[in-house]
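Biologist: I'm new to reading structures and would love some help. Could you take me through this one feature by feature?

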Number of protein chains: 2
Amino acid sequence: MGLIVQKFGGSSVADAEGMKRVAARIVATKKAGHQVVVVVSAMGDTTDELIELANAVTPIPQGRELDMLLTAGERISMAVLAMAINNLGFEALSFTGSQAGVITDSVHGKARIIDVTPGRIREAIDSGAIAIVAGFQGISQDTKDITTLGRGGSDTTAVALAAALDADVCEIYTDVDGVFSADPRVVPAARKLTTVTYEEMLELAAAGAKVLHLRCVEYARRYNLPIHVRSSFSPNEGTWVVENHPDGGTMEQAIISGVAHDKSEAKITVVGVPDRTGIAARIFQAIADNDINVDMIVQNVSAAATGLTDISFTVSKAEGQKATGVLQRIQGEVGFASLIYDDTIGKLSLVGAGMRSHPGVTATFFAAMADSGVNIEMISTSEIRISIIVKEADLERAAKAAHTAFGLDADQIEAVVYGGTGR
Amino acid sequence: MGLIVQKFGGSSVADAEGMKRVAARIVATKKAGHQVVVVVSAMGDTTDELIELANAVTPIPQGRELDMLLTAGERISMAVLAMAINNLGFEALSFTGSQAGVITDSVHGKARIIDVTPGRIREAIDSGAIAIVAGFQGISQDTKDITTLGRGGSDTTAVALAAALDADVCEIYTDVDGVFSADPRVVPAARKLTTVTYEEMLELAAAGAKVLHLRCVEYARRYNLPIHVRSSFSPNEGTWVVENHPDGGTMEQAIISGVAHDKSEAKITVVGVPDRTGIAARIFQAIADNDINVDMIVQNVSAAATGLTDISFTVSKAEGQKATGVLQRIQGEVGFASLIYDDTIGKLSLVGAGMRSHPGVTATFFAAMADSGVNIEMISTSEIRISIIVKEADLERAAKAAHTAFGLDADQIEAVVYGGTGR
């Protein structure tokens, strides 16, 4: 008997039938003897519909009021889910983020969790009930206003609650079978991973894999809380996100766990930048001051004759226009020649903890790209990740080539690489 | 400059256009120099849709969860209304019942307000903002669970908040122009009343007039808080509900203020009841023990020969089946002969503070009924009300006849009876 936190997304509870199916799944876990806490998102398209309603009365909804509005979505789904469970003869009690003790800062629309004080949840499950908690929402410590956690907020709620309750596992239910070695829509030979480490998952998420959000994985790593990503449509085991691969150093370990691709970025090149100390800092300070996140940066070797250099960096396409605007405003001060904006690029990343002990990864990777005729425009690396920027048109070909080059294709591998986790 | 609480119902804020119109109305009050607190209901049919959703997963939704679900409706409308006001350049902050300090008992679905501690509302309006409060909802003192106030709950929220804030007036906006001397759909000659007393309004509400609910009028009377019932579609004065008619005893006062009718009751006759002490008490105790409200009661004179009597009473049609079930279970113990259930009756009531000083009202009323060929089945009176039960088919004819008999028809009256209130 353990304590299990389960998170169901909006597509799993899109209608009454989905609610009943999820309720049955929750009850099965309860019947197996576990204490169960469920985190649920708003039903189907509810959040989008509420945003549309807001936009019908104002082009710029205030953050406080928008959070008040959007949190109605989870309030509806959690109450209906509790009813559906009650209808199966099991006691279920629903709680808002505030009631569940999810305390946040006051940044409406993307609040961060400061503390979780789940006294009422503990009381509910200790009394034998199933606790249903609204995902995505909290209450601000200072103003006592309702807040929302931003994208992927319900996953973060689930992991934060699981950590605060010292749960045995946080199960994230989704419409895929788990975390894959690549996006199966792009790389048909992609396989479901049995295990990934927090570190790998963080790199995969940062590199564009959409299964789990960065924040929830960070949270899980900080508390060493196992996450089990699995399908809400099948009883099969999914992917465990844990501290270490269970085979440790004893068994053969794959060098690369996964290949991620990302089409959401654009490349900005600042041409003819005076190659003086402090100039690059000035450019990126201006970008940061406007809350724009920079991903990859490359600075060319300065041409000795001119004393000028080019600096390229990538930002989210959504922030591309804002970034070029910022740069235009400091053009006189910085003294660069011109800007080039390119939103037809793609990012390909290889992630794997095994990279640390296998120095040849970069060579293998670049050879595979060359063999496929893919030109590499930018490169960035971390301890367990290599990312490259290529033409968007080359991205899918590049992903398939890398997947094959590292022996990740399903027919290259015996069933599972790492073996079961034993959990 | 004063403090005005305004309440808008669901039909006034059914869509974005309605929201904008109501926002403009609120802003106009603010511009006139008043502090404004607004209580708002769920948009249009939202509450019905949420109930439908609940019924799609369970035939018997738990009260706690149903309240959690339904309160999402006001959360949506209050946030959208706040946005619409913000969009006009005025600051508006929305508050849930809990945030507004509406403390209730724990009876889900029909909680009663125990206390109102509107600290955050006071703070908001003192800072110059317009406060928008969710109607119909509160938080239970004991369990800290979300509760709803039941039918007419938003009116009660508005009056309770107005009392706690010591507001100058509570304006209840509706889709009619005010309180009428009769339902204009039934009595076309009905007139809008300029003033009614709390006492009259209570009797009218109890007698089936639907404009204001009993509980909100009771609340207003207890705190001597003026209610102004008016149309959300016109700027005209509506009806003031106050302690006394402004002309007091000095001007000619109408004997009858209004005629109310009600088709929601059914008549149950218990036939052949042994006429012994305690038997009637036993019957009505059993009814009360099952939370069934009895309205009118008539006991026939006992037939000396048999020692048996008949007892008739009315209950809401919705509780008719439950009531007959209760009686069948005690038939053996009480020893009555049979039950007659009649749900084709109607209740007609005359209400007026002037009745106290005009003893001839009953005679005039009954004569009007006789002249119209309406048979009276039951009679009950209070100090300022006379109610009769007639055949449902006779009800509308009876209402028109009574309205005319007491000189209430629009063409019988010079514009207004009581004159303005001077407020």
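Modeller: Gladly; we will look at the two copies, then a helix, a strand and two loop residues. Keep in mind that this is a predicted model.

Biologist: How are chain A and chain B related?

Modeller: The general idea is that two copies of a chain are related by a rotation about an axis and a shift along it. Here, a turn of 179° and a shift of 0.2 Å along the axis lay chain A on chain B with an RMSD of 0.2 Å. The two copies are thus related as by a two-fold rotation axis. In chain A, the residue that comes closest to this axis is A:Ala72, with its C-alpha at 2.4 Å.

Biologist: How many residues of each chain are in contact with the other chain?

Modeller: In chain A there are 26, and they touch 26 residues of chain B. On the chain A side, α1, α2, α3 and β3 each supply at least two residues. The most come from α3(A), which gives twelve. By type, that side of chain A has 18 nonpolar, five polar and three charged residues. The copies meet through the same surface, because 96% of the interface residues of chain A are also interface residues in chain B.

Biologist: What span should helix α3 of chain B have, and is the helix buried or exposed?

Modeller: At 1.5 Å a residue, the 24 residues of α3(B) should span 34 Å, and the end C-alpha atoms are 35 Å apart, which agrees. As for cover, 23 of the 24 residues of α3(B) are buried.

Biologist: Which way do the residues of strand β12 of chain B point?

Modeller: In a regular strand the side chains alternate between the two faces of the sheet. In β12(B), B:Thr239 and B:Val241 point one way, B:Trp240 and B:Val242 point the other way, and all are buried. Strand β10(B) runs parallel to β12(B), joined by three bridges; here B:Thr197 has B:Val242 as its bridge partner. Strand β11(B) runs antiparallel to β12(B), also with three bridges, and B:His228 is partnered with B:Trp240.

Biologist: Which loop residues have a positive phi, and are they buried or exposed?

Modeller: Let's take two cases. A:Asp166, in the loop between α5 and β9 of chain A, has a phi near 55°, though A:Asp166 is not a glycine. A:Asp166 counts as exposed because it has 9 C-beta neighbours inside 10 Å. B:Phe136, in the loop between β6 and β7 of chain B, has a phi near 75° and is likewise not a glycine. With 29 C-beta neighbours inside 10 Å, B:Phe136 counts as buried.

Methods
Residues numbered from 1 in each chain as written. Chains lettered and ligands numbered in written order. Predicted model: local features only at pLDDT ≥ 70, side-chain atom pairs only at ≥ 80, totals over all residues. Contact = placed C-beta atoms within 7 Å. Helix = DSSP H or I, 4+ residues; strand = E, 2+ residues; numbered from the N terminus. Nonpolar A, V, L, I, M, F, W, Y, C, P; charged D, E, K, R; others polar. Least-squares fit on C-alpha atoms with pLDDT ≥ 70 in both. Expected span 1.5 Å × (residues − 1). Buried ≥ 20, exposed ≤ 12 C-beta atoms within 10 Å, placed from the backbone. Pairing = 2+ DSSP bridges.
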